Amino acid sequence: MPPSNAFKDNVEISPEAEALRTEADASSRHQAAGAGSPMVIDDDALREQCAVRLCPECPERADADEQRLRALAEMDNFKKRLQREKDDQVRYAAEVVLADLLPTLDNLDLALQYGRGNAACKDMLIGVEMTQRLLLDALKRHGLEPVGEAGEPFSPEIHEAIGAEVRPDLPENTVCALMQRGYRLKERLLRPAKVAVSRPE
């Protein structure tokens, strides 16, 4: 049986007061222990807190959204550029081979040009013309087309002027002579036509 009165630090404490103080000390120790432990929160609660705490007008969120949209746009442009380069690579895969055939076409043109002035070459010219026509037809199926004709207006996109002639009978800047035929592969110019251009005086 505890005494009705106890002395501690020279202060008289009743048994009831001592019990209350012990209970308060235990509660304080329990709260202190709880404050040091990590707080556990599940994903749903975390999302709910984020939704509450993040303001729709928050500048940091707007900046993050802008960066995300910019990254998506850059990725989309990158994919389109890759696809375009891949399409061009397939589309113009034969460019090198066709470019190597241009001197052969030039020689056929020269043979026809100089052979037409010689009656003895008539039969040979028929064979050269047939060979040229067959070759051009085959190359056309791969997208190769000749450019440059006498009498058409000069265009720097397909013509290369290497001379000028006084031709009062023709409008100014008209192709009056075709020196070397040009060629275009689909929409890409492989070689411009070398021409002489008319001038009034």
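In which sense, and over how many bridges, do β4 and strand β8 pair? In this predicted model, β4 and β8 (residues 193–199) pair in the parallel sense, and the pairing runs over seven bridges. Within this pair, His159 stands opposite Ala193 of β8. The two strands belong to an open sheet of three strands, with the order β4-β8-β5 and mixed pairing. The edges of the sheet are formed by β4 (159–166) and β5 (175–180); each has a single partner strand, so one side of each is left without a neighbour in the sheet. From one strand to the next, the twist averages 30°. In general, strands of a sheet pair through backbone hydrogen bonds, in either the parallel or the antiparallel sense.

The loop between β4 and β5 contains Asn173. Phi of Asn173 is near 60°, a positive value in a residue other than glycine. Asn173 has a relative accessible area of 43% and is therefore partly exposed. A second residue with positive phi is Lys186, for which the angle is near 55°, again in a residue other than glycine. Lys186 is placed in the loop between β6 and β7 (188–191). With a relative accessibility of 30%, Lys186 also counts as partly exposed.

The largest nonpolar core consists of eight residues, namely Tyr92, Leu98, Leu102, Leu105, Leu139, Leu144, Tyr183 and Leu185. At least two residues of this core come from each of α4 (95–115) and β6 (182–185). The most is given by α4, with three residues. Apart from this core lies another, of five residues, among them Leu108, Leu112, Cys121 and Leu125. Such grouping can be set beside a general tendency: in soluble globular proteins, nonpolar side chains tend to be buried together.

Tyr183, a member of the largest core, has contacts with several parts of the sequence. Neighbours within four places in sequence being left aside, Tyr183 is in contact with Leu102, Leu105, Asp106, Asp109, Leu136, Leu144, Glu145, Pro146, Val147, Leu189, Leu190 and Arg191. Among these partners, Leu102, Leu105 and Leu144 are also listed in the largest core.

Asp106, another contact of Tyr183, lies in helix α4. Its relative accessibility is 13%, so Asp106 counts as buried. With residues up to four places away in sequence not counted, Asp106 touches Gln180, Arg181, Tyr183 and Arg191. The side chains of Asp106 and Arg191 make a polar contact at 2.8 Å. Arg191 is thus a contact of both Asp106 and Tyr183.

Two cysteines were examined for burial. Cys121, a member of the five-residue core, has a relative accessibility of 18% and so counts as buried. Cys176 counts as buried as well, at 13% relative accessibility. The structure holds zero disulfides.

Lys122 is placed in helix α5 (residues 122–140). In contrast to the buried Cys121, Lys122 is exposed, with a relative accessible area of 58%; the cut-off for exposed is over 50%. Lys122 and Leu112 are 10 residues apart in sequence, and their C-alpha atoms are 9.9 Å apart in space. Leu112 is itself one of the residues of the five-residue core.

Methods. Residues are numbered from 1 along each chain as its sequence is written. This is a predicted model: local features need pLDDT of at least 70, side-chain atom pairs count only at pLDDT 80 or more; totals for chains, interfaces and linings use all residues. Side-chain values use heavy atoms; hydrogens and water are left out. A nonpolar core is a set of buried Ala, Val, Leu, Ile, Met, Phe, Trp, Tyr and Cys residues joined through side-chain atoms within 4.5 Å. Buried means under 20% relative accessible area, exposed over 50%, partly exposed in between (1.4 Å probe, protein chains only). Helices (H or I, at least four residues) and strands (E, at least two) are DSSP runs, numbered from the N terminus. Contact means heavy atoms within 4.5 Å. Two strands pair if DSSP finds at least two bridges between them. Axes are lines fitted to C-alpha atoms, for helices over the stretch in contact, and angles run from 0 to 180 degrees between N-to-C directions. A disulfide is a pair of cysteine sulfur atoms within 2.5 Å. A polar contact is a pair of N or O atoms within 3.5 Å; within protein, one must be able to donate a hydrogen and the other to accept it, and residues adjacent in sequence count only if both atoms are side-chain atoms.
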